[in-house]
Amino acid sequence: MRYTGPKVRLSRRAGVPLTRKAVRYFEQRPYPPGEHGRKTNRRNTGDYGLRLLEKQKLRWYYDVSERQLRRYWDLAVRKPGASGAELVTILETRLASLVLRAGFAPSIYAARQYISHGHIAVDGRKVDIPSYLVKPGQIITVRERSRRMQPFVAAAEGVHADERLAPYLSADHADLRFTLVSRPEREQIAVPVDEQLVVEFYSR
């Protein structure tokens with residue numbers, strides 16, 4: 001199951017801010033949530049606990065279920081490259097991930113909602129599946145009927161855009177359109193996760 005509780009709690013459990021909104025809250029309380037959060041020493045976590053936490057961080061960052069992540073792992077190990085890097089690349093090419101990365105949504109949760117509600121099109125056709133895997137060359141747009149909605153007016157003004165666009169994307173915020181120009185490379189993906197620990201978790 002996907003986590004549906006308070007999102008900042010996930011960042012505090014992970015030990016890193018997983019969303020833009022979480023940065024300010026995490027700075028105020030950079031320790032795990034709960035009654036004994038202040039007394040928790042992450043450095044004393046065992047090898048299994050470290051690998052589990054890294055896997056969970058990857059899940060939470062991309063907002064995927066355990067079953068989905070396992071399916072992506074099975075797909076990654078069949079690829080010719082390093083399994084950990086392939087896993088991150090697959091997750092990054094999910095439609096919800098790219099809508100966020102292109103600056104069309106303030107969070108992965110909002111991106112997921114916009115897609116599920118039918119506001120996003122791929123190559124001119126409505127796609128309402130957040131897990132849809134985008135291929136290089138495909139063009140993603142906000143549908144015409146949705147463009148006057150406040151979230152997309154803000155997106156057109158670049159409110160949610162990062163200072164530097166990911167090198168594998170080409171975006172026109174004013175026209176609410178972006179293209180995946182190439183397959184993301186691991187070193188281009190800004191994800192605060194050590195994927196080697198995830199590999200070790202699934203390979204145990």
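This briefing walks through a predicted protein model, from its overall build to a few helices and residues. The protein has nine helices and five strands, where helices (DSSP runs of H or I, at least four residues) and strands (DSSP runs of E, at least two) are numbered from the N terminus. Residues are numbered from 1 along each chain as its sequence is written, and side-chain values use heavy atoms, with hydrogens and water left out. Because the model is predicted, local features need pLDDT of at least 70 and side-chain atom pairs count only at pLDDT 80 or more, while totals for chains, interfaces and linings use all residues.

**The whole protein**

- Reading from the N terminus, the elements follow the order α-α-α-α-α-α-α-β-β-β-α-β-β-α.
- Of the 204 residues in the protein, 47% are buried; buried means under 20% relative accessible area, exposed means over 50%, and partly exposed is in between (1.4 Å probe, protein chains only).
- Among the contacts (heavy atoms within 4.5 Å) with a separation of 6 or more, 58% are between residues 24 or more positions apart.

**Helix α9 and its neighbours**

- Helix α9 spans residues 195-203, and its buried residues are E195, V198, V199, F201 and Y202.
- These buried residues sit on the same side of α9, because they cover an arc of only 160° around the axis (the arc is taken from the directions from the helix axis to the C-beta atoms).
- A general rule helps here: an α-helix has 3.6 residues a turn, so residues three or four places apart point the same way.
- The cover over the buried residues of α9 includes α3 (47-62), α4 (66-76) and α5 (83-92).
- At the N-terminal end of α9, D194 acts as a cap, with a side-chain oxygen 3.1 Å from the backbone nitrogen of Q196.

**How α5 meets α9**

- The axes of α5 and α9 come within 8 Å and cross at roughly 105°; axes are lines fitted to C-alpha atoms, for helices over the stretch in contact, and angles run from 0 to 180 degrees between N-to-C directions.
- That crossing makes α5 roughly perpendicular to α9 (65 to 115 degrees counts as roughly perpendicular, under 35 as roughly parallel, over 145 as roughly antiparallel and the rest as oblique).
- On the α5 side the contact uses S83, G84, A85, L87 and V88, and on the α9 side E195, V198 and V199.
- Sorted by type, the residues of this contact are five nonpolar, two polar and one charged (Ala, Val, Leu, Ile, Met, Phe, Trp, Tyr, Cys and Pro count as nonpolar, Asp, Glu, Lys and Arg as charged, and the others, Gly among them, as polar).

**Helix α7 and H119**

- Helix α7 is mostly covered, with seven of its nine residues buried: I108, Y109, A110, A111, R112, Y114 and I115.
- Just after α7, G118 takes a positive phi of about 80°.
- H119 is found in the loop between α7 (108-116) and β1 (120-122), and it counts as buried because its relative accessibility is 8%.
- The side chains of H119 and S146 are joined by a polar contact of 2.8 Å (a pair of N or O atoms within 3.5 Å; within protein, one must be able to donate a hydrogen and the other to accept it, and residues adjacent in sequence count only if both atoms are side-chain atoms).

**Two more residues to find**

- L52 belongs to helix α3 and counts as partly exposed at 27% relative accessibility.
- L52 and L197 are 145 residues apart in sequence, yet their C-alpha atoms are 8.2 Å apart in space.
- R101 lies in helix α6 (residues 95-101) and is buried, with a relative accessible area of 13%.
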